[in-house]
Amino acid sequence: MAVEETGTLRRIFGNTGFLVAGRATNAVCSFLYMAWSVRALGLSQFGVLMLVTTFGSAISSATHLPSWQPLLHYGTEPFVKGNLPRFHRILFFCMRADLLSGATGALVGMLGVWLFGTSMGWPQADQLGAMVYMLTICVMNTGWSTGIFRLCNAFWLSSACDLSGVVVRMVGTGVGLWLHMGLYYFMMVWSMTQLALFITNSAMAWWLLRSGGKVRRFQPFRQLEAGDAPGIWRFTLSTSGNHVLGTVFNQFGTLLVGGLLGPADAAVYRVSRQIGDGIAKPAQLMMPALYPEFIRLREKHDWYGLKHVTLRLFMLIGGFSLLLMLFAMVAGNTLLTWMLRVHWPGGNLMIMLMLGNAIMGLGIVPLEPLLTVVGQVSRVLIARIVVTIAYLPLVYFMAWRWHLEGAASASVLASLMMLLICMRPVMTWFGKVAPGRRPREVVE
């Protein structure tokens, strides 16, 4: 069994390596295109751009169904065993979920701009462009293709597709800086980035299925049959609810800061958060690689293997977090000043707080997929509800009282609360199914 656990960890880190390579390229390029955008637009207009695109991403995340999770949860068994008709019905269900949620998100986004654009700090003249940008939400969800990459263990292909978005945004912002383009042009660049990602991900996932002989015809209206995926809607809505509340925590804090403190402060908050998340991203990218491996261990009922892998990941994340803090102390403020093109007082404290928030999130990396895979996704959902109810008034009060530093501190406290709430059911579950060390007869 130890050999199996070692192989599981090797696949997790190998697949994470592919994702890290793609995201590292994206992170390096983001430092460039963010700096170019600030130089072209100025800090205030750049703040409006960040608020509009953040709002679009938040609405997309809040309305889209994370179809890759039910695809892995219900589709792994028929995919591996060659039950292609059942796998096809589950696949096309996930495709329809993506299209439906994308259209719903676009409508909600346009309505949100119309009703709340002014209260979020956007000038009236920019709200028409923001409303048009919300159409981008239709192509933001690539859930089914993401699920195919993970099901086929083709994480490298997902990273390769991400490069299309990087190229479009890099070229677009470079041209915009060179030609002195305005806010609407940069909104279009962000929109074209999402379109490029949607096209490349969908095309490559379909090619992967066709070349492997797993699908022949496109049948988007093929319906599920009884027994194909019992409870799929309940599972999908539960994971979606968890994702929505995570979005409220990650994205709407920026919008609250923008409405309370203005676009310039929102830009500093958003970029500081991006730097903190970017520094911690290598470990955060481990989560997508965990789902298929945890599902394999679940199918084998190897509960001690799950426990061992989870504990090993916690130890590795702890050591990695110490290195992150040291790096942020040395280089965090320099990165913030370079990206904003201005020196912001207290920038080093902002980076440390945002990195602390990201590190608290790292602790959840093995917990959330574990609870989802073993059928306790409702525990994650309950934790998200509790944290969100506490976070929104907390961030508003602390931002009003202590400005940006208060808003960042509220994020750290909420992330710590989420970690502690999720840790309790995991410890209880392991105490029941895998108490103590692995029994000798199981090892043998």
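Helices here are DSSP runs of H or I with at least four residues, and strands are E runs of at least two, numbered from the N terminus. The model is a predicted one, so to speak of a local feature takes pLDDT of at least 70 and side-chain atom pairs count only at pLDDT 80 or more, while totals for chains, interfaces and linings use all residues. Residues are numbered from 1 along each chain as its sequence is written, and side-chain values rest on heavy atoms, with hydrogens and water left out.

Tryptophan 429 makes a handy starting point, as a member of helix H15. Tryptophan 429 has a relative accessible area of 13%, so it is buried (buried is under 20% relative accessible area, exposed is over 50%, and partly exposed is in between, with a 1.4 Å probe and protein chains only). Its C-alpha sits 9.4 Å from that of valine 374, with the two positions 55 residues apart in sequence.

Next comes the nonpolar core, meaning a set of buried Ala, Val, Leu, Ile, Met, Phe, Trp, Tyr and Cys residues joined through side-chain atoms within 4.5 Å. The largest such core counts 116 residues, and Leu49, Trp144 and Ile148 are the ones touching the most other members. Helix H15 (residues 377-433) supplies the largest share of this core, 19 residues. Domain 1 (22-215) and domain 2 (262-435) both contribute residues, so the core lies between them; the domain bounds come from an automatic or database domain assignment. As background, nonpolar side chains tend to be buried together in soluble globular proteins.

On to the charged pairs. A salt bridge is taken as a side-chain nitrogen of Lys or Arg within 4 Å of a carboxyl oxygen of Asp or Glu, and the whole structure turns up 5 of them. Arginine 89 pairs with glutamate 225, with 3.6 Å between the closest N and O atoms. Since arginine 89 belongs to helix H4 (residues 84-116) and glutamate 225 to the loop between helix H8 (183-211) and helix H9 (232-261), this bridge ties together parts 136 residues apart in sequence. Arginine 89 is buried at a relative accessible area of 9%, whereas glutamate 225 is partly exposed at 49%. Arginine 89 also forms a salt bridge with aspartate 228, where the closest N and O atoms are 2.5 Å apart. That pair again links distant parts of the chain, helix H4 and the loop between H8 and H9, at 139 residues apart. Aspartate 228 is buried, with a relative accessible area of 4%.

Helix H11 (residues 286-299) holds another pair, arginine 296 and glutamate 293, whose closest N and O atoms are 2.7 Å apart. The two are 3 residues apart in H11, so about one helical turn separates them. An α-helix has 3.6 residues a turn, so residues three or four places apart point the same way. Arginine 296 is partly exposed at 30% relative accessible area, while glutamate 293 is buried at 0%. Back in the other group of bridges, shared partners join Arg89, Glu225 and Asp228 into one network.

H11 as a whole is mostly covered, with 12 of its 14 residues buried; among them are Met286, Tyr291, Phe294 and Leu297. From first C-alpha to last, H11 reaches 21 Å, close to the 20 Å expected at 1.5 Å a residue (the expected span being 1.5 Å times one less than the number of residues). Histidine 301 follows H11 and has a positive phi, near 55°.

Helix H7 (residues 155-179) takes in leucine 179. The 25 residues of H7 should span 36 Å, and the end C-alpha atoms lie 37 Å apart, which agrees. Leucine 179 is partly exposed, at a relative accessible area of 46%. Together with Val167, Val171, Val175 and Trp178, leucine 179 forms a nonpolar surface patch of about 510 Å² accessible area. Patches take residues with over 30% relative accessible area and no salt bridge, joining like charges within 9 Å and nonpolar side chains (Val, Leu, Ile, Met, Phe, Trp, Tyr) within 5 Å; accessible areas come from the Shrake-Rupley method with a 1.4 Å probe, and for residues only the protein chains shown count as cover. Just after H7, histidine 180 takes a positive phi of about 60°.
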